[in-house]
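Q: I am new to this structure and would like a close look at a single part of it. Could you take me through one loop and then through what surrounds the topic in the strands?

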Amino acid sequence: MNSFLAIYNQSGIACASDTDNTIYRLSKEEPVAIAICPYSPIPWECIITQYLRKGEPEHHKTLEEYARDFEKFFQQFHADKAWNKLGINELNLIFLGYGQDEIYPSVCDIQIVVDEETEKMKLGEIGIKQINLSRDENAGYNWNGNFERLASILFGATEQVKDFATEKQFDLFHAYKQRVIEKFKGTQYEEYVNKCLSKYPEEIAVPKPVTKATTKAFERAYEGISTFSIEELVSTAETLVNANVRLLHLKEGGKGLLGHTREIAVLTRAEGFTWIKHSLFAI
């Protein structure tokens with residue numbers, strides 16, 4: 001599994017990967033790129049190559065429109081139903097860059113599914129989720145791959161911790177609910193209490209302190225990243241990808257060659273798409 005990370009603020013986007021053929025420039029004239037999982041059985045490299053061969057894409061006002069243009073293109077290809085069983089990372093596409101009317105960078109995170117009737121690829125239920133820095137946040141980061149070893153730094157808590165805490169909160173809520181039911185059992189308020197409790201949504205009734213804590217961690221991280229220069233965005237993206245690669249290498253017992261960041265690219269409104277590191281270009 002590859003490790004890909006894009007970090008961005010109003011200055012631009014820096015993205016890094018430990019695997020070749022993860023980042024692709026989609027336009028020679030506009031700062032628009034896409035990141036894929038190179039280990040996915042979906043032939044993204046072939047699809048992107050054919051997309052680029054048809055010529056410069058039509059210029060669009062927003063990054064989301066570029067994403068939808070690419071969606072129309074890949075929908076013509078036959079898809080294997082077995083792809084629906086792939087992991088989230090293998091079905092993920094991340095669009096990065098600027099539409100013509102966008103001063104600040106945007107990111108579109110997309111999940112692909114296979115329509116089993118038509119055997120064509122299409123967008124998942126979430127569709128295209130665009131993060132626009134002029135509207136939503138002042139900074140952020142998107143990733144693809146297993147970053148569980150850096151989860152406490154990036155997300156404030158690991159998935160195991162979040163799942164454990166949520167399960168505990170559900171248990172506490174149900175225990176409290178049962179005590180209330182027993183308290184009013186046999187009284188004139190029993191029917192009213194049971195009616196109220198049955199309507200009370202569990203997702204609201206159960207507080208999620210870990211979710212609140214992770215949200216706070218994101219907010220603090222975004223606050224810091226918003227002050228970074230392009231050079232600092234590049235350095236951070238590369239450092240985190242390298243750290244993730246080393247931690248995964250240690251987890252596997254230190255066997256085999258130790259990987260490192262192999263692709264780094266920057267997208268800015270002023271200078272467009274720029275390669276900082278690319279093994280095929282010897283940079």
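A: In this predicted model, Asn 21 lies in the loop that runs between β2 (12-17) and β3 (23-25). The backbone of Asn 21 has a phi near 60°, which is a positive value in a residue other than glycine. With a relative accessibility of 26%, Asn 21 counts as partly exposed, because that class covers what falls between buried, under 20%, and exposed, over 50%.

The strand before this loop, β2, belongs to an open sheet of 5 strands, which follow one another in the order β8-β1-β2-β9-β10 with antiparallel pairing. At the edges of this sheet stand β8 (139-144) and β10 (272-278), and each of them has a single partner strand, so one side of each is left without a neighbour in the sheet. On average, neighbouring strands of the sheet are turned by 15° against each other, with direction ignored. As a general point, the strands of a sheet pair through backbone hydrogen bonds, either parallel or antiparallel. Here, β2 and strand β1 (residues 4-9) run antiparallel and are joined by 6 bridges, and one of the bridge partners is Ser 17 in β2, which is matched with Phe 4.

A further positive phi, of about 55°, is found at Glu 119, which is not a glycine either. Glu 119 has its place in the loop between β6 (106-115) and β7 (120-132), and at 26% relative accessibility Glu 119 counts as partly exposed.

Key
Residues are numbered from 1 along each chain as its sequence is written. This is a predicted model: local features need pLDDT of at least 70, side-chain atom pairs count only at pLDDT 80 or more; totals for chains, interfaces and linings use all residues. Side-chain values use heavy atoms; hydrogens and water are left out. Helices (H or I, at least four residues) and strands (E, at least two) are DSSP runs, numbered from the N terminus. Buried means under 20% relative accessible area, exposed over 50%, partly exposed in between (1.4 Å probe, protein chains only). Two strands pair if DSSP finds at least two bridges between them. Axes are lines fitted to C-alpha atoms, for helices over the stretch in contact, and angles run from 0 to 180 degrees between N-to-C directions.
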